[in-house]
Number of protein chains: 6
Amino acid sequence: MSNFSHWNEEGRPKMVDISQKDVTTRTAIAQSTISFSNELYEAIQNGLIKKGDPLQVAQIAGIMGAKKTADIIPMCHPIMLQGVDFTFNYQQQAAGYDLIIQATVKCSGKTGVEMEALTAASIAALTFYDMCKAVDKTMVIKETFLVQKTGGKSGDFFHEK
Amino acid sequence: MSNFSHWNEEGRPKMVDISQKDVTTRTAIAQSTISFSNELYEAIQNGLIKKGDPLQVAQIAGIMGAKKTADIIPMCHPIMLQGVDFTFNYQQQAAGYDLIIQATVKCSGKTGVEMEALTAASIAALTFYDMCKAVDKTMVIKETFLVQKTGGKSGDFFHEK
Amino acid sequence: MSNFSHWNEEGRPKMVDISQKDVTTRTAIAQSTISFSNELYEAIQNGLIKKGDPLQVAQIAGIMGAKKTADIIPMCHPIMLQGVDFTFNYQQQAAGYDLIIQATVKCSGKTGVEMEALTAASIAALTFYDMCKAVDKTMVIKETFLVQKTGGKSGDFFHEK
Amino acid sequence: MSNFSHWNEEGRPKMVDISQKDVTTRTAIAQSTISFSNELYEAIQNGLIKKGDPLQVAQIAGIMGAKKTADIIPMCHPIMLQGVDFTFNYQQQAAGYDLIIQATVKCSGKTGVEMEALTAASIAALTFYDMCKAVDKTMVIKETFLVQKTGGKSGDFFHEK
Amino acid sequence: MSNFSHWNEEGRPKMVDISQKDVTTRTAIAQSTISFSNELYEAIQNGLIKKGDPLQVAQIAGIMGAKKTADIIPMCHPIMLQGVDFTFNYQQQAAGYDLIIQATVKCSGKTGVEMEALTAASIAALTFYDMCKAVDKTMVIKETFLVQKTGGKSGDFFHEK
Amino acid sequence: MSNFSHWNEEGRPKMVDISQKDVTTRTAIAQSTISFSNELYEAIQNGLIKKGDPLQVAQIAGIMGAKKTADIIPMCHPIMLQGVDFTFNYQQQAAGYDLIIQATVKCSGKTGVEMEALTAASIAALTFYDMCKAVDKTMVIKETFLVQKTGGKSGDFFHEK
């Protein structure tokens, strides 16, 4: 089945041959959300963490994680990333808060950076969890998905809500 | 605020001193879920992937990812893992399917393996996504959370539904 | 001695300057063979391993290993691999079986991928060994060599039997 | 089939649970051999490489490779190595020379270091190949095998010639 | 010469056998200093970097770097670190400022953590340099040394000024 | 403040977007110095280390370290290095000796290799320290700085003494 481009004729996974693909500018944005208690939100906002901020550590871990994608996801190609950035937004919910994490990744290459953006967002969420788990053991990482991608032969993609 | 054990007195993150903690047997189970289309489910089940199986790659990536946790999550301690395994269960939904991924991690040490289990489950989900994204671009990784942990001073924990 | 391009004038190893070399499409195929007992062969073939297959793990480890080459072999240049795949063939011998492992690696760059192919084949063989060593402690990894390479100034190379 | 301890009940690979195994002193010796031309041997011996020596780079790469074993071989447990060393011996053959590489690895732990020794020997051989391939493209890495291991429940093992 | 414990009888480097050494609590403190311009100091202090702080990134990189020591320094043993923290102090000089970086590392093991502390301090200094080099290209990393170590057979050590 | 190109609008660090920068040939030379006792110098020079040489290990570690820069320094871009080499010079001082280490790094890319050269020089110095610390515990790593860089929009830079 030709759509499953990751599998070779023997049914085993391969790193797909991209040597014939064009070099284009490619971007991807991925989002992950983590939900937690009011207690944790207030601890962060009220300055009980003096100069610190879990988002600092999450962003740094996410950027370093984007660079490790080809080492973590077995069939990913190594890619020379040209830019990685994050936005973080807190949203009050009926019970507790959500933190919306978006990772934006850019490169110029023969394959897209969707997995790099998804990996960056996931690692940022996991790092936020690690930094705060002493206060709130009930955190849940919720939807993690590709928001959009541009560049490449398959065209642009925008997640439909 | 003493609960934020990851922050030092200057408000910067530190690797917490665990030298006085006891060595106990510790386990953690984490779960992640990925939802996808009927088309993708049928392609997998109908043997269109001859000998292959995205779950094989996901499990291997998840186990290797568990071993990389201290390299990925900035404040995690290096841990000598003593066992990692996975279960995968497909569940039919109103539209499409869910794949329930559970990672179980075991060690004997001075700190728990929650982050190792969460990282393993997340990387398995990301890898499944990578293996199948040529067929289904609308996959979403849903709830990722700690199901349970045992061992250590803070006692056992079980996620309440 | 100019042929030893890895050594600088002080006799210490260097990463050779390839900035003046041309970017060309380069491929390399390397082969490794592992020999083992009839008992192990039959266990694999008779489905005593239900859905599993040591070749799956070997192939995934080999592909991930190809990406680690510049981290493992001290003087290798980092290379953006564009494709990696494997073939595996069992051959019955007078006593036991041989598994012939071939790794094919492709890139477009200023230096060849011989070491990436050799490293991929070696790691696949080592992984097969690890997966099966509980059954057969007498396995031997036999000839590992470069089968062919194409591209680059030094021209194509084909191993003569 | 209980002997295949790397596979779980679903037929997928797992990192075996070693939490109930005893901590013992464990050693392993692995051997790899690389054969090459008289021309290459003479270049090395006649001091055409002033202060340098491919064996230096091979030994360092092999020691660093031993430490990477759990990152390279998917189901290997992380292990705190307590000592790694090498011996190298040249042997004249009918045509050309053989270099016999032996890696000795020691640890105190719950699982053996066979894979660490085999990985160390293989990476040393691959590194020797890389350092010298500009002079001799026909090198072949020959038998790579476990010479002996001591410690652990399964007892000592000595390779029979 | 027995004092050069890193070299084997052939004159090649080895990972020293520490299997006979005692497990003791070990600590090490290392210091590095980086000097830079008044302009850079003022930019940092006057809040021109809104919520950010080069010290945050330096500390996180230093902690992650401590965990990579055995991967970076060829003959270092892998060590299970049990705690890493930093202090940073700015000191006005005749021309410009010095930033004094101290890394404290703790473990319980068979070998010391001097190299982990020195590596952590060096990587923190390099990271500060990277974060600020767009403003000041003339930064110099000055004395990097072991301030003290405790634990182990060779006894405690305190750097004499 | 636009000069702090590593910080995004929220004050958190980002990997700067270099997609619009030109590909040029870039070089950087960095220097580090380590000072040590006469006793250590004589032990090295008098052949008490038979075939070995701390500079061999330092150079290999430095080259491998240059390749790890983007993994060590959080905001560094991955770069395809095209050449790395070292020079080492001993200088007698009033008390003891200095070893002057210079690392030269070359690439063709969209961003410079200053951090790669500085990281290579620092890791070479740390490795020399590790190899010799059994003989001399009072070694100090002294000035580490960028000697020169060429290529890129910001122009060439030469360190003024």
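This report describes how chain D meets chain C in a predicted model, and then turns to two chain pairs that do not touch.

**Symmetry of the pair**

Two copies of a chain are related by a rotation about an axis and a shift along it. For chain D and chain C, the rotation is a turn of 180 degrees and the shift along the axis is 0.0 Å, which lays chain D on chain C with an RMSD of 0.0 Å. The pair is therefore related by a two-fold axis. Within chain D, D:Lys142 has the C-alpha nearest the axis, at 2.6 Å from it. Both copies use the same surface, since 100% of the contact residues of chain D recur in chain C.

**Extent of the interface**

The size of an interface is often given as the accessible area lost when the parts come together. Chain D and chain C bury about 4,900 Å² between them, and carbon and sulfur atoms hold 70% of that area. The contact involves 57 residues of chain D and 57 residues of chain C.

**Polar and charged links**

Two salt bridges are counted between chain D and chain C. One of them joins the side chains of D:Lys68 and C:Asp71, with an N to O distance of 3.4 Å. That distance fits the cut-off for a salt bridge, which is within 4 Å. There are also four residue pairs in polar contact between chain D and chain C, both residues of each pair being at pLDDT 80 or more.

**What chain D contributes**

The table lists the elements of chain D that give two or more residues to its side touching chain C.

| Element of chain D | Residues |
|---|---|
| α1 | 38–45 |
| α2 | 54–67 |
| α3 | 69–72 |
| α4 | 114–132 |
| β4 | 140–150 |

Which element gives the most to this side of chain D? It is α4(D), with twelve residues. By residue type, the side of chain D that touches chain C divides into 31 nonpolar, eleven polar and 15 charged residues.

**Strand pairing across the interface**

Strand β4 of chain C, residues 140–150, is joined to β4(D) by two bridges, and the two strands run antiparallel. In one of the residue pairings, C:Thr144 has D:Ile141 of β4(D) as its bridge partner. D:Lys142, with the C-alpha nearest the axis in chain D, lies within the residue range 140–150 of β4(D).

**Chain pairs without contact**

Chain A and chain D do not touch, and their nearest C-alpha atoms are 10 Å apart. Chain C and chain E are likewise not joined by any contact; their closest C-alpha atoms lie 10 Å apart.

Key:
Residues are numbered from 1 along each chain as its sequence is written. Chains are lettered from A and ligands numbered from 1 in the order in which they are written. Side-chain values use heavy atoms; hydrogens and water are left out. Contact means heavy atoms within 4.5 Å. Copies are superposed by least squares on the C-alpha atoms of residues with pLDDT of at least 70 in both. Buried area is the accessible area (1.4 Å probe) that two parts lose on being put together, summed over both. A polar contact is a pair of N or O atoms within 3.5 Å; within protein, one must be able to donate a hydrogen and the other to accept it, and residues adjacent in sequence count only if both atoms are side-chain atoms. Helices (H or I, at least four residues) and strands (E, at least two) are DSSP runs, numbered from the N terminus. Ala, Val, Leu, Ile, Met, Phe, Trp, Tyr, Cys and Pro count as nonpolar, Asp, Glu, Lys and Arg as charged, and the others, Gly among them, as polar. Two strands pair if DSSP finds at least two bridges between them.
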